[in-house]
Amino acid sequence: MKRGENLRRYDHSDPTYKTRPIEYRLWSSMITRCTNPKFKDWHLYGGRGITVCERWRRSFAAFFVDVGARPSQHHSLDRWPDPDGNYEPGNVRWATGTEQCRNTARNRRITFEGVTLPLVEWAERTGLRRETIADRLNRGWSVAQTLTTATVKTRVRDAAGRYA
């Protein structure tokens with residue numbers, strides 16, 4: 001068989017996987033990672049018991065109605081608010097990479113005044129470095145003391161090596 005002869009057997013006029021909308025490809029990938037044990041990351045999805053609701057498995061249209069169009073090319077599917085939950089209505093959103101990084105079980109979550117956020121978000125809100133917050137908590141500081149105590153300015157040495 002000459003090179004390319006096998007391609008002539010197929011009709012390329014109908015939509016193929018690559019010409020479908022990006023939402024279709026993401027939907028298809030979602031189903032694959034939850035149902036195909038040969039998928040490279042299956043152990044992180046289907047292997048952990050994460051499933052896709054039956055309605056979405058059967059119909060891309062139903063998935064698209066529930067989730068909507070992807071807001072930008074920087075967004076992908078994210079299981080939220082339960083990162084260990086299934087792909088189902090109410091637990092899926094379009095999220096940026098930053099939002100997804102903050103929605104993992106590896107993040108340290110801190111509750112202060114009734115608000116629970118990842119440590120990095122508390123750092124942004126308070127102006128403290130995330131390392132400072134983590135160090136204080138690891139040393140036994142209370143959450144309130146950790147988040148409300150300002151950092152001590154770093155002492156600077158002069159040319160002779162003495163503290164100014």
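Arg-102, Glu-121 and Glu-124 are linked in a network of salt bridges. The model in which this network appears is a predicted one, and a search of the whole structure finds 10 salt bridges.

Three further pairs, each joined through their side chains, are listed below.

| Salt bridge | N to O distance |
|---|---|
| Asp-78 and Arg-93 | 3.0 Å |
| Glu-131 and Arg-129 | 3.5 Å |
| Arg-130 and Glu-131 | 3.6 Å |

In the pair of Asp-78 and Arg-93, Asp-78 belongs to strand β1 and Arg-93 to strand β2 (residues 92–96), so the contact ties together parts that are 15 residues apart in sequence. Asp-78 is buried, its relative accessible area being 7%, whereas Arg-93 counts as partly exposed at 21%. Glu-131 is partly exposed, with a relative accessible area of 31%. Of its partners, Arg-129 is exposed at 54%, and Arg-130 is partly exposed at 46%.

Asp-78 also takes part in the largest pocket, where Tyr-45, Asp-78, Arg-79, Gln-100 and Thr-104 lie nearest the centre among 19 lining residues. This pocket holds about 510 Å³ of space. Helix α1 (22–35), strand β1 (75–79) and helix α4 (97–101) each supply at least two lining residues, and the largest share, four residues, comes from β1. The lining comprises eight nonpolar, five polar and six charged residues.

The second largest pocket holds about 150 Å³. Its lining includes Arg-93, Arg-102 and Glu-121, the last two of which also belong to the salt-bridge network. Three nonpolar residues, one polar residue and five charged residues make up this lining.

Conventions. Residues are numbered from 1 along each chain as its sequence is written. This is a predicted model: local features need pLDDT of at least 70, side-chain atom pairs count only at pLDDT 80 or more; totals for chains, interfaces and linings use all residues. Side-chain values use heavy atoms; hydrogens and water are left out. On a 1 Å grid over the protein atoms alone, a cavity is a set of points where a 1.4 Å probe fits but cannot get out, and a pocket is an open set with protein on both sides within 12 Å along at least five of seven lines; lining residues have an atom within 4 Å of a point. Grid points are joined across faces, edges and corners, and a volume is the space filled by probe spheres set on the points. Ala, Val, Leu, Ile, Met, Phe, Trp, Tyr, Cys and Pro count as nonpolar, Asp, Glu, Lys and Arg as charged, and the others, Gly among them, as polar. A salt bridge is a side-chain nitrogen of Lys or Arg within 4 Å of a carboxyl oxygen of Asp or Glu. Buried means under 20% relative accessible area, exposed over 50%, partly exposed in between (1.4 Å probe, protein chains only).
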